[in-house]
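Here is a brisk report on one protein model. Have the sequence and the structure open as you read.

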Amino acid sequence: MSDTPFGFGLPPEEPEDGDNGKKKGGDQGGGQGPANPFGFGPGAGGGDNPFAALFGGAVPGMGGAMNPGDLGAAFQQLGQMLSYEGGPVNWDMAKDIARQTVAQGTADGSKDASVTDGERAAVQEAVRLADLWLDGVTSLPSGSGTAVAWSRAEWVEATLPVWRELVDPVAERVGSAMGDVLPEEMRAMAGPLLGMMRSMGGAMFGTQIGQAVGVLAGEVVGSTDIGLPLGPAGRAALLPVNIAEFGSGLGVPQEEIRLYLALREAAHQRLFSHVPWLRSHLFGAVEGYARGIKVDTSKLEDVVGQLDPTHPEQMQEALQQGMFQPEDSPEQKAALARLETALALVEGWVDAVVHAAAAPHLPSAGALRETLRRRRATGGPAEQTFATLIGLELRPRRLRDASRLWASLTDARGAEGRDALWEHPDMLPTAADLDDPDGFVHREHLDFSELDKMLGEAAGGSAGPDLKKDDKKDDKKDGSGGEGAE
């Protein structure tokens with residue numbers, strides 16, 4: 001499990017992921033490699049970083065050359081950075097940089113493209129057929145009110161609101177710590193400096209998150225790749241250009257690949273649409289983690305004491321040195337464990353029901369299932385981004401264990417009995433149950449739907465005075481009233 005949220009990572013001579021950090025351009029500038037998607041680390045001042053001219057060696061007088069156009073753009077970015085007065089993340093900047101990153105294309109040269117009418121129709125048909133097949137293997141009804149085909153740029157636009165919900169709690173905690181290190185009597189005197197630091201912090205977060213989301217847009221195939229509902233509710237989405245890249249070299253017909261990925265997207269939509277507590281459960285665990293983030297105050301005090309407003313690159317250098325670390329507290333460990341288990345159960349359920357739906361119809365179902373599992377095992381960009389964001393990796397071992405448990409539940413209780421466990425979070429398997437799936441499958445479980453009914457009836461029996469008055473009026477109307485009605 002990563003312990004460097006937002007990529008505030010190790011110095012360049014100690015790459016966090018070793019050789020893995022060199023994959024797909026991970027050792028290139030701009031923080032665009034999957035090993036450090038948020039870029040506050042080795043190579044963060046490379047050529048693809050919009051602030052490279054300000055924080056790197058390309059500024060005149062700092063060992064490099066710059067043409068007048070680049071210099072003007074750099075000062076425009078600096079002005080935007082220092083004038084920001086919003087929340088912990090400059091999301092306007094994040095969106096601009098994500099769009100710029102998408103426009104540059106992926107490391108292997110793949111470019112974004114507008115969705116054609118034919119691609120849009122193919123996605124709609126794939127999701128329609130996927131929902132039809134899923135009807136036979138799960139009791140949860142369809143959650144896909146509409147099916148859409150997105151370009152990478154459209155994926156960025158559609159998912160940024162959810163990224164904001166995920167990132168803001170963590171960024172808020174980090175940003176507040178930057179002002180807490182100053183003594184109270186100094187804060188009034190340092191007001192302008194603190195304001196500048198907040199503006200710079202919001203812009204730096206926006207820059208690196210924008211880069212991360214832009215890189216991720218070049219890899220994802222739908223709106224639920226990281227196990228969270230990143231898109232609008234009830235909208236199943238696929239990215240045709242990325243599906244084509246995903247299927248390149250697999251030797252599987254494109255139609256089968258599209259349909260298999262549509263099954264996964266539609267299965268996620270069913271779960272998130274019809275398990276009302278699930279989304280808040282997952283996002284609440286992220287907030288619980290954020291509350292446990294601590295800051296190396298001694299290092300931050302040194303930075304604040306020595307910060308020269310005319311050299312904002314000092315802040316970037318401090319961020320590169322790993323100033324922010326997660327709190328190794330029982331509360332934060334519990335939040336991460338809860339989130340990891342919940343994500344494993346979500347992905348395991350999707351894996352199990354999609355395989356059951358696809359196997360009778362798609363000859364390549366087994367091969368595609370294993371390809372996606374290997375994609376998880378090698379830590380694809382989605383997992384890398386999420387791990388850097390909140391210090392979590394969805395371990396493939398847990399994913400396989402969860403899938404086996406859901407399959408065993410299907411054999412023992414049928415699809416309806418299996419899916420009934422999603423009615424209440426306390427009914428779900430725990431991390432310990434993933435180690436002993438047979439024990440969980442054959443254990444007696446409470447019926448929480450009956451418990452909720454009993455609690456509701458009990459609450460109705462203890463109605464307040466206003467409700468009792470209404471009841472009395474109703475009793476009088478049907479002739480059963482009288483003073484005994486109370």
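A352 touches R369, S403, W406 and A407, leaving out residues up to four places away in sequence. The model is a predicted one. A352 sits in helix α13. Its relative accessibility is 12%, under the 20% cut-off, so A352 counts as buried. The C-alpha atoms of A352 and T410 are separated by 9.2 Å, with their positions 58 residues apart along the chain.

**The whole chain**

The protein has 20 helices and 4 strands. Of its 486 residues, 50% count as buried. Take the contacts with a separation of 6 or more: residues 24 or more positions apart account for 78% of them.

**The core and its tryptophans**

In soluble globular proteins, nonpolar side chains tend to be buried together. Here the largest nonpolar core has 89 residues. Which residues have the most contacts inside it? They are W155, W163, L278, L282, W349, W406 and W422. Helix α13, residues 330-358, gives the most to this core, with 12 residues.

W349 touches W406 and W422. Beyond sequence neighbours up to four places away, its other contacts are T138, L140, A267, L271, R418 and D419.

The structure holds 2 aromatic pairs. One of them joins W406 and W422 and is stacked, at 5.3 Å centre to centre and 15° between the planes. W406 lies in helix α16 (residues 396-419), while W422 lies in the loop between α16 and α17 (431-435), so the pair ties together parts that are 16 residues apart in sequence. Ring pairs also bring in W277, linking W277, W406 and W422 into a cluster.

Are the two stacked residues, W406 and W422, buried or exposed? W406 counts as buried because its relative accessibility is 0%. W422 counts as buried too, at 3%.

The table sets out the accessibility of four residues in this report.

| Residue | Relative accessibility | Class |
|---|---|---|
| W406 | 0% | buried |
| W422 | 3% | buried |
| A352 | 12% | buried |
| R235 | 33% | partly exposed |

**R235 in strand β2**

R235 is found in strand β2, residues 235-238. R235 is partly exposed, with a relative accessible area of 33%. What does R235 contact, leaving aside neighbours within four places in sequence? The list is T146, V148, W150, S223, E265 and Q269. G143 is 92 residues from R235 along the chain, yet their C-alpha atoms are separated by 7.9 Å.

**Helix α8 and its crossing with α9**

Why is α8 described as largely enclosed by the rest of the structure? Because 6 of its 8 residues are buried. The buried residues of α8 are P240, V241, N242, I243, F246 and G247. Just after α8, G249 takes a positive phi of about 85°.

Helix α8 (residues 240-247) meets helix α9 (residues 254-274): their axes come within 10 Å and cross at roughly 115°. The crossing is right-handed. From α8, the contact uses I243, A244, F246 and G247; from α9, it uses Q254, I257, R258 and L261. By type, the residues of this contact divide into 5 nonpolar, 2 polar and 1 charged. I243, F246 and G247 of α8 are among the buried residues and also take part in the contact with α9.

Terms used:
Residues numbered from 1 in each chain as written. Predicted model: local features only at pLDDT ≥ 70, side-chain atom pairs only at ≥ 80, totals over all residues. Heavy atoms only, no water. Axes fitted to C-alpha atoms, helices over the stretch in contact; angles between N-to-C directions. Helix = DSSP H or I, 4+ residues; strand = E, 2+ residues; numbered from the N terminus. Left-handed = near helix turned anticlockwise from the far one by under 90°. Contact = heavy atoms within 4.5 Å. Nonpolar A, V, L, I, M, F, W, Y, C, P; charged D, E, K, R; others polar. Core = buried A, V, L, I, M, F, W, Y, C linked by side-chain atoms within 4.5 Å. Buried < 20%, exposed > 50% of the residue type's maximum accessible area, 1.4 Å probe, protein only. Phe/Tyr/Trp six-rings, centres within 6.5 Å; stacked < 30°, edge-to-face > 60°.
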